[in-house]
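Welcome! Have the sequence and the 3D view open side by side, and follow along as we go from single residues to the wider fold.

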Amino acid sequence: MSITIPKSSFIFLKKLAKNNDRDWMQEHKKEYLASEKDLKSFYAEVQKRLEETDEISKQKIFRINRDIRFSKDKTPYNIHRSVSWGRAGEQRRGGYYLRLEPGNSLMAGGFFSPEPADLLRIRKEFELDSSEIRDILEATEFKKAFNGFNQHYKVKTAPKGFSKEDSNIDLIRLKSYFVEHKFTDSEVHSPDFIDKLLYHYQLLRPYYNYMSSVLTTDLNGVSLIE
């Protein structure tokens, strides 16, 4: 029997969105804990399935409490639930992300705001040769599922040290290299949601294989792993 995400989890999140304060949460703590128990069972099954074809180092369930220290929005709770699974080993880069929110659920994968050294290495690779990454992005199933990198995070013209006239500037100017796919609420609650989710995660593997190779070698292809 397939593990599903019950509608009650989204019912709770919808109510939280309308009553985002600590008193309400305290009064509905049992409902929150029941929802978390259901979601954790689903997360565990996802990790189990991921480990059939990949090696996972850790699962991270993001807190429902918001960090409001530097935010104008002082509502205390996130109105979504998020989880990620990191890949194991220095030679495996990337991870798997899932966001569950009524009307705004999605999976994502890739490299969000990579550290400066990794970002420079990626840009240098694309400057040198973009054929392999473009083949991955244009692969029929990958393109249908993701339609390219998220375009929200990029510099206006060209990063320092790169020419805005470079034929690969569309890739070089990005500050993050991740893709995402959204799911409807009915998809999230359907018995085959976990299969759809794992299908989209599996589509990331050629991308991760390529990026892992890039990020563990220098521009001459020499390994950086001792």
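N147 is exposed, because its relative accessible area is 59%, and exposed means over 50%. This residue sits in the loop that runs between α6 (140-146) and α7 (169-172). Its phi is near 55 degrees, a positive value in a residue other than glycine. Please keep in mind that you are looking at a predicted model.

**Another loop residue to visit**

- S113 also has a positive phi although it is not glycine, with a value near 50 degrees.
- You will find S113 in the loop between β4 (105-111) and α4 (116-128).
- With a relative accessible area of 46%, S113 is partly exposed.

**The sheet**

- Five strands make up an open sheet, in the order β1-β2-β3-β4-β5, and their pairing is antiparallel.
- β1 (56-61) and β5 stand at the edges with a single partner strand each, so one side of each has no neighbour in the sheet.
- From one strand to the next, the twist averages 15 degrees.
- Helix α9 (residues 193-203) packs on this sheet and touches β2, β3 (95-100), β4 and β5.
- The direction of α9 makes about 140 degrees with that of β3.

**A look at strand β5**

- β5 covers residues 177-183 and is mostly covered, as 5 of its 7 residues are buried.
- Its pairing with β4 is antiparallel and runs over 7 bridges.
- Two places where you can see this pairing are G109, which stands opposite V179 in β5, and A108, whose bridge partner in β5 is E180.

**A buried arginine**

- Is R87 buried or exposed? R87 is buried, because its relative accessible area is 9% and buried means under 20%.
- R87 belongs to strand β2 (residues 81-87).
- The side chain of R87 makes a polar contact of 2.7 Å with the side chain of D54.
- A polar atom of the R87 side chain also lies 2.8 Å from the backbone oxygen of R93.

**The nonpolar core and helix α10**

- Which residues touch the most other members of the largest nonpolar core? They are W85, Y201 and Y207, in a core of 55 residues.
- Leaving aside residues up to four places away in sequence, Y201 touches V46, L50, W85, Y96, Y97, L98, M107 and A108.
- Helix α10 (residues 205-215) is largely enclosed by the rest of the structure, because 8 of its 11 residues are buried.
- The buried residues of α10 are R205, Y207, Y208, Y210, M211, S212, V214 and L215.

**Aromatic rings**

- How many aromatic pairs does the structure hold? There are 19 of them.
- One pair to find is Y153 and F178, whose ring centres are 6.1 Å apart and whose planes are at 45 degrees, so the pair is tilted.
- This pair links distant parts of the chain: Y153 is in the loop between α6 and α7, F178 is in strand β5, and the two are 25 residues apart.
- Y153 counts as partly exposed, at 35% relative accessibility, whereas F178 is buried, with a relative accessible area of 10%.
- One aromatic cluster is formed by Y43, W85, Y96, F111, F126, F149, Y177, Y201, Y207 and Y208.
- W85, Y201 and Y207 therefore appear twice in this tour: they belong to that cluster, and they touch the most other members of the largest nonpolar core, where the residues are buried by definition.

Methods: Residues are numbered from 1 along each chain as its sequence is written. This is a predicted model: local features need pLDDT of at least 70, side-chain atom pairs count only at pLDDT 80 or more; totals for chains, interfaces and linings use all residues. Side-chain values use heavy atoms; hydrogens and water are left out. A nonpolar core is a set of buried Ala, Val, Leu, Ile, Met, Phe, Trp, Tyr and Cys residues joined through side-chain atoms within 4.5 Å. Buried means under 20% relative accessible area, exposed over 50%, partly exposed in between (1.4 Å probe, protein chains only). Contact means heavy atoms within 4.5 Å. Helices (H or I, at least four residues) and strands (E, at least two) are DSSP runs, numbered from the N terminus. A polar contact is a pair of N or O atoms within 3.5 Å; within protein, one must be able to donate a hydrogen and the other to accept it, and residues adjacent in sequence count only if both atoms are side-chain atoms. Two strands pair if DSSP finds at least two bridges between them. Axes are lines fitted to C-alpha atoms, for helices over the stretch in contact, and angles run from 0 to 180 degrees between N-to-C directions. Rings of Phe, Tyr and Trp (its six-membered ring) pair if their centres lie within 6.5 Å; planes under 30 degrees apart count as stacked, over 60 as edge-to-face and the rest as tilted.
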